[in-house]
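Grab a pencil and work through these short exercises with the structure open beside you. Try each task before you read its solution.

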Amino acid sequence: MAYNAIGGFPPQQLSFSRKNKAWRRKCVDFEDDHSLLHYHLTRKSVFAMRVNYDLLNGKIHMADLKMLLNPYSLDASFIPDAIQHYPILNSKLEVLRGEESERLCYL
């Protein structure tokens, strides 16, 4: 069976006799490959949002910081194993959140 041009999803306007087990498997496999858990662009953005929420709540992901602090994976003693989180932007973010909620109230 050929996939349709929009998105590659198997054709749905088939007679019931042509919707066999292979067609059902192609439908499920397509949806599984394009779900939130497997779609790599969405997965990256969801993980980035999680990192940002954790930073707002005071949790640091050291893997991200090590990628910035030590991009070439050098074995150096000057690269820290842990860094203390100082939430200096939280007050500014709370002000922005409040301004946005006020703006939405007047719409």
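**Exercise 1: the whole chain**

How many Å² does the chain expose, and what percentage of that do carbon and sulfur atoms supply?

*Solution.* Keep in mind that you're looking at a predicted model. Step one: the chain exposes about 9,400 Å². Step two: carbon and sulfur atoms supply 61% of that area. Step three: look at the burial, where you'll find that buried residues make up 11% of the 107 residues.

**Exercise 2: the elements**

Count the helices and strands, then write down their order from the N terminus.

*Solution.* Start with the count: there are 4 helices and 0 strands. Now walk along from the N terminus, and the elements run α-α-α-α. For one last step, take the contacts between residues at least 6 apart in sequence: 15% of them join residues at least 24 apart.

**Exercise 3: a salt bridge in α2**

Which residue forms a salt bridge with Arg50, and is that partner buried or exposed?

*Solution.* First, find the partner: Arg50 pairs with Asp54, and their closest N and O atoms are 3.1 Å apart. Next, place the two: both sit in helix α2 (residues 40–56), 4 residues apart, which is about one turn of the helix. Then check accessibility. Asp54 has a relative accessible area of 9%, so it counts as buried, because the cut-off for buried is under 20%. Arg50, at 42%, is partly exposed. Finally, look further along the sequence: leaving aside neighbours within four places, Asp54 is in contact with Lys59 and His61.

**Exercise 4: a salt bridge in α4**

The structure holds 2 salt bridges. Where do Glu94 and Arg97 lie, and how many residues apart are they?

*Solution.* Step one: both residues lie in helix α4, 3 residues apart, about one turn of the helix. Step two: Glu94 forms a salt bridge with Arg97, with 3.3 Å between the closest N and O atoms. Step three: read off the accessibilities. Glu94 comes out at 43%, so it counts as partly exposed, and Arg97 is partly exposed too, at 46%.

**Exercise 5: a nonpolar patch**

Which residues make the nonpolar surface patch of about 580 Å²?

*Solution.* List the members: Tyr86, Ile88, Leu89, Leu93 and Leu96. Now zoom in on one of them: Tyr86 is found in the loop between α3 (62–69) and α4 (90–105). Last step: Tyr86 has 60% relative accessibility, so it counts as exposed, because exposed means over 50%.

Definitions and conventions. Residues are numbered from 1 along each chain as its sequence is written. This is a predicted model: local features need pLDDT of at least 70, side-chain atom pairs count only at pLDDT 80 or more; totals for chains, interfaces and linings use all residues. Side-chain values use heavy atoms; hydrogens and water are left out. Patches are made of residues with over 30% relative accessible area and no salt bridge: like charges are joined within 9 Å, nonpolar side chains (Val, Leu, Ile, Met, Phe, Trp, Tyr) within 5 Å. Accessible areas come from the Shrake-Rupley method with a 1.4 Å probe; for residues, only the protein chains shown count as cover. A salt bridge is a side-chain nitrogen of Lys or Arg within 4 Å of a carboxyl oxygen of Asp or Glu. Buried means under 20% relative accessible area, exposed over 50%, partly exposed in between (1.4 Å probe, protein chains only). Contact means heavy atoms within 4.5 Å.
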